[in-house]
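Biologist: I'm new to this one. Can you put it up and walk me through it?

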Amino acid sequence: ENQEVFKETLFQFEDYVVEKAKRVNEALDEAVPLRHPLKIHEAMRYSLLAGGKRVRPMLCIASCELVGGEESVALPMACAIEMIHTMSLIHDDLPCMDDDDYRRGKLTNHKAFGEEIAVLAGDALLSLAFEHVAARTAGVSPERVVRAVAEMGAAVGSDGLVAGQVVDIASEGQEVDLRELEYIHVHKTAKLLEAAVVCGAIMGGGETVDVDRMRRYARCVGLLFQVVDDILDVTKSSEELGKTAGKDLKTNKATYPRLMGIEKAREFADRLVAQAKGELSHFDSSKAAPLLGLADYIANRQN
Ligand code: GRG
């Protein structure tokens, strides 16, 4: 019987995810219409609509709904977070950064449009993110919109994603210990996931205590996301061994499994998912179901 109930909730969670992703994709499509100059808008749309998992927008919307807000009040913010995520991927893939040829199953932006356009597409998406929240959010007090925008800006800048990238670049070829690895992951990955949750809760009208609880949930989920990424990296590279040589730089990169062993990394992931869920125990569990489901999804994802 338990298994039946489990299947039922799992099924509902899938429905939830599919429905939200559809809404987010439509809103993103509408946010960047093709217009003059054609090339830049094509490049922005190419990466933005390339079919990411939309984990951050879902966290944003589910957080808004958990504190009683309508989906519509968080949708512009959810799109803005995805625009920022996408631009960080475009810039991360550039030859001067990670120098990658493929992303989201397609050629990277600079491979498809050239480096100049890829840099500018990233810049334009970052700018559009802030414009989009400010111009499109409706039904939320100006104080809350400003608070959320400040939160989002802090997550991206030199105390956020950029900080993580800078420390990551500086650590290349160096010995990296667990503390430094955590710093990189918290900044490169967890900060934006945290902003997605916190900004969703702010837009939804959440009380400070609840926003704080959800922030703690998001920090666990953010780190979990990266630990799982590292574990998947090991699984994938052993599967692909022999097929692709891989880049030395990436092969030698510090990861949780490399620093603590695969078993300990899995235990760490289990602890993080339990802790994330624990932070939501104060909420009605049926209302918290989407965020609880997202934590499980992130823990168990295969890509
Ligand atoms: C943000 C201003 C600004 C500059 C960019 C390049 C850079 C600074 C930061 C790098 C950030 C980066 C690439 C972090 C990795 C994040 C990560 C875990 C990406 C994978 O996310 P998924 O699995 O991807 O959610 P999909 O494609 O599903 O969206």
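Modeller: One term before we start. The expected span of a helix is 1.5 Å times one less than its number of residues. Also, this is a predicted model.

Biologist: Okay, what span is expected for helix H6, and what does H6 reach?

Modeller: H6 covers residues 115-136, which is 22 residues. The expected value is 32 Å, and H6 reaches 30 Å from its first C-alpha to its last, which is close.

Biologist: Which residues in H6 are buried?

Modeller: Among them are Ile-117, Ala-118, Ala-121, Gly-122 and Leu-125. Further along, Leu-128, Ala-129, His-132 and Val-133 are buried too.

Biologist: Why would spacing along a helix matter?

Modeller: An α-helix has 3.6 residues a turn, so residues three or four places apart point the same way.

Biologist: New topic. How many residues surround the ligand, and which are closest?

Modeller: There are 18, and the closest are Gly-52, Lys-53, Ser-88, Asp-92 and Gln-165. Helices H4, H8 and H9 each give two or more residues to that shell. H4 gives the largest share, five residues.

Biologist: What's the mix of nonpolar, polar and charged in the shell?

Modeller: Seven nonpolar, six polar and five charged.

Biologist: Back to H4. Is it mostly covered or open?

Modeller: Mostly covered: 19 of its 23 residues are buried. H4 also supplies twelve residues to the largest nonpolar core, the largest share. That core has 80 residues.

Biologist: And what does Cys-60 touch, beyond its sequence neighbours?

Modeller: Leaving aside neighbours within four places, its contacts include Met-77, Ile-81, Val-197 and Cys-199. Cys-60 is one of the residues with the most contacts inside the core.

How values were computed: Residues are numbered from 1 along each chain as its sequence is written. This is a predicted model: local features need pLDDT of at least 70, side-chain atom pairs count only at pLDDT 80 or more; totals for chains, interfaces and linings use all residues. A residue is near a molecule or strand if its C-beta atom, placed from the backbone, lies within 6 Å of it. Helices (H or I, at least four residues) and strands (E, at least two) are DSSP runs, numbered from the N terminus. Ala, Val, Leu, Ile, Met, Phe, Trp, Tyr, Cys and Pro count as nonpolar, Asp, Glu, Lys and Arg as charged, and the others, Gly among them, as polar. A residue is buried if 20 or more other C-beta atoms lie within 10 Å of its own, exposed if 12 or fewer, and partly exposed in between; C-beta atoms are placed from the backbone. A nonpolar core is a set of buried Ala, Val, Leu, Ile, Met, Phe, Trp, Tyr and Cys residues joined through C-beta atoms within 7 Å. Two residues are in contact if their C-beta atoms, placed from the backbone, lie within 7 Å.
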